[in-house]
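Colleague: I would like to go through this model and ask what each label rests on. Please set the values against the criteria as we go.

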Amino acid sequence: MTDKPPNRVKVKAPATTANLGPGFDVFGLALNIFHDTIETQLTNKNITIKISGEHANTIPTDPQQNTAGIVAKHFTKKTGTDKGIEIKIKKGIKPGCGLGSSGATAAGTAIALNHLLKTNYTKMELISIAAQGEKASAGTAHADNVAAAILGNFTIIRSYKPLDVINLPTPKNLEIAVAIPELPTPPKKTKMARSILPNTVKRSQMVYNIGHASTLIAGITLSNINLIGKGMSDCVIEPVRAQLIPGYEKVRKNALKTGAAGVAISGAGPTMIAAVDASKVDTLTVAKAMAEAFEREGVKAKAYRTQPCGGAKILGEG
Ligand code: HSE
C-alpha cells in the first residue's frame, strides 16, 4: 500500500495577542477566544483564495494582497509544483482588531500547505514563512503573532536573524479579559500603527522596558500572575498608540480597579487585554468594566473572558 499524499488539508489556527506591554514584536500569547479555519486543496493551476465568515468582506482575495496568498506563493516557488492551490478561509477572528487575525491565517496556511505538499518544514521554518505573510497587512514581517499561533501558549522571539523562538507554558489560573471596541478599522491598520512609532529609544526607556519584560517572564516561569501583570507596562510603544484608542486610560483604570493584574493594548490595538488570576478574580467582570469604559467614551465594545491555548491544529485531510 502506498502512502498517498492528501489532496486537501484543513487547519484551525487560534487568535493571538502580541506585545503584552514591553514585548513589542517579541511576546505572543495564543488565546482560545476565536479561531480561523483554513482549508487548502490542490487544483489545476494558480493560487485562488475564497473567504467566508462574518468578517469576510473586508479582506482582499487577491493572492498578492492576502497573507495566505503570500504564504502559498512561497510553497509553490519552493516545490516548483505545476499544480494550483485553492485556499478557503473561514474567518472567525475579526481583521484589524488586534487579535492576530492575519497571523492566524498565515500560520494556518503554512501548516496546511506543509502537510499538503509534504515539504517537511520545521515549526521554526513555518514561523519564518508565516511571518513573511504578515507583510500583507503590516508592511513588514513580524513573527510574534504567528509564533504564538503555531506553537501555542506563550512565545518569545529571542532573535529575528536568525529566527529563534522560545515557547513557554502559561500558569494554570491565567485568564485574559478582552475588550474589543467597535472602532472603524483604517486600511492596513497595523502598517499605520507601526508607522507612527519611534525608531530610537532613550537609555531610561530601555531600562524601564527590560525591567518590565523580565518581570513578565519571571511571572510566566514562576506561575506568578501578579508578576505577569506588573510586567505589562511599556513606555515606548503604548504611549504613542494609546492616542489612537479613545478611553485608553479609563479602560486601564477600570481593569486594575476590578482586580486585573496588568493591562495592555493587544498587538497594534485597538483591543485591550488584561491579565487576571482566575482563582481570585472573575475575568468577565474585569472585561465588562473595560468595555464599560469604552462605552463611556461613546465607543461600543464587547467583553470576553478567554484563556491561553495550544497552537494551530490539523483538523483533517482527504
Ligand atoms: N508586534 C506587532 C505590532 C503586532 O505591535 O505592530 C501586530 O499584530
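**Labels and their grounds**

Modeller: I will start with one pairing: Ile-176 has Ala-275 in strand 9 as its bridge partner. The model is predicted.

Colleague: What makes strand 7 and strand 9 a pair?

Modeller: Two strands pair if there are at least two bridges between them. Strand 7 (residues 174–181) and strand 9 are joined by six bridges, so the criterion of at least two is met. The two strands run antiparallel.

Colleague: What is the order of the strands in the open sheet?

Modeller: The order is 8-9-7-10, four strands with antiparallel pairing. Strand 8 and strand 10 (301–306) are the edge strands.

Colleague: Why are strand 8 and strand 10 called edge strands?

Modeller: Each of them pairs on one side only. From one strand to the next, the twist averages 20°. Helix 10 (residues 248–257) packs on this sheet and touches strand 8 and strand 9; the direction of helix 10 makes about 155° with that of strand 8.

Colleague: What joins strand 8 to strand 9?

Modeller: Four bridges, and the strands run antiparallel. Among the partners, Ile-265 is matched with Met-272 in strand 9. Strand 8 and strand 9 form a hairpin with six residues between them, and Gly-267 in the turn has a positive phi of about 55°.

Colleague: How do you know that both faces of strand 8 are covered?

Modeller: On one side Gly-262 and Ala-264 are buried, and on the other side Val-263 and Ile-265 are buried too. In a regular strand the side chains alternate between the two faces of the sheet.

Colleague: Why is Ser-266 called buried?

Modeller: Buried means under 20% relative accessible area. Ser-266 has 0%, so it counts as buried. Ser-266 is found in the loop between strand 8 (262–265) and strand 9 (272–277). Not counting residues up to four places away in sequence, Ser-266 touches Thr-17, Ala-18, Gly-98, Leu-99, Thr-271, Met-272 and Ile-273.

Colleague: How do you know that Cys-97 and Cys-309 form no disulfide?

Modeller: A disulfide needs two cysteine sulfur atoms within 2.5 Å. The sulfur closest to that of Cys-97 belongs to Cys-309 and is 15 Å away, so it is too far for a bond. For Cys-309, the nearest cysteine sulfur is that of Cys-97. The structure holds zero disulfides.

Colleague: Are Cys-97 and Cys-309 buried or exposed?

Modeller: Cys-97 has a relative accessible area of 3% and is therefore buried. Cys-309, at 14%, also counts as buried, because the limit is under 20%.

Colleague: Which residues of helix 3 are buried, and against what do they pack?

Modeller: In helix 3 (residues 123–133) they are Leu-126, Ile-127, Ile-129, Ala-130, Ala-131 and Gly-133. They pack against helix 1 (67–79), helix 2 (101–116), helix 4 (135–138), helix 5 (144–151) and strand 6 (164–168).

Colleague: How do you know that the radius of gyration of the chain agrees with a compact globule?

Modeller: For 318 residues, a compact globule would be near 20 Å; the chain has 19 Å, so the two agree. Of the residues of the chain, 53% count as buried. Among contacts between residues at least 6 apart in sequence, 73% join residues at least 24 apart. The chain has eleven helices and eleven strands.

Technical notes: Residues numbered from 1 in each chain as written. Predicted model: local features only at pLDDT ≥ 70, side-chain atom pairs only at ≥ 80, totals over all residues. Heavy atoms only, no water. Buried < 20%, exposed > 50% of the residue type's maximum accessible area, 1.4 Å probe, protein only. Contact = heavy atoms within 4.5 Å. Axes fitted to C-alpha atoms, helices over the stretch in contact; angles between N-to-C directions. Rg over C-alpha atoms; globule rule 2.2 N^0.38 Å.
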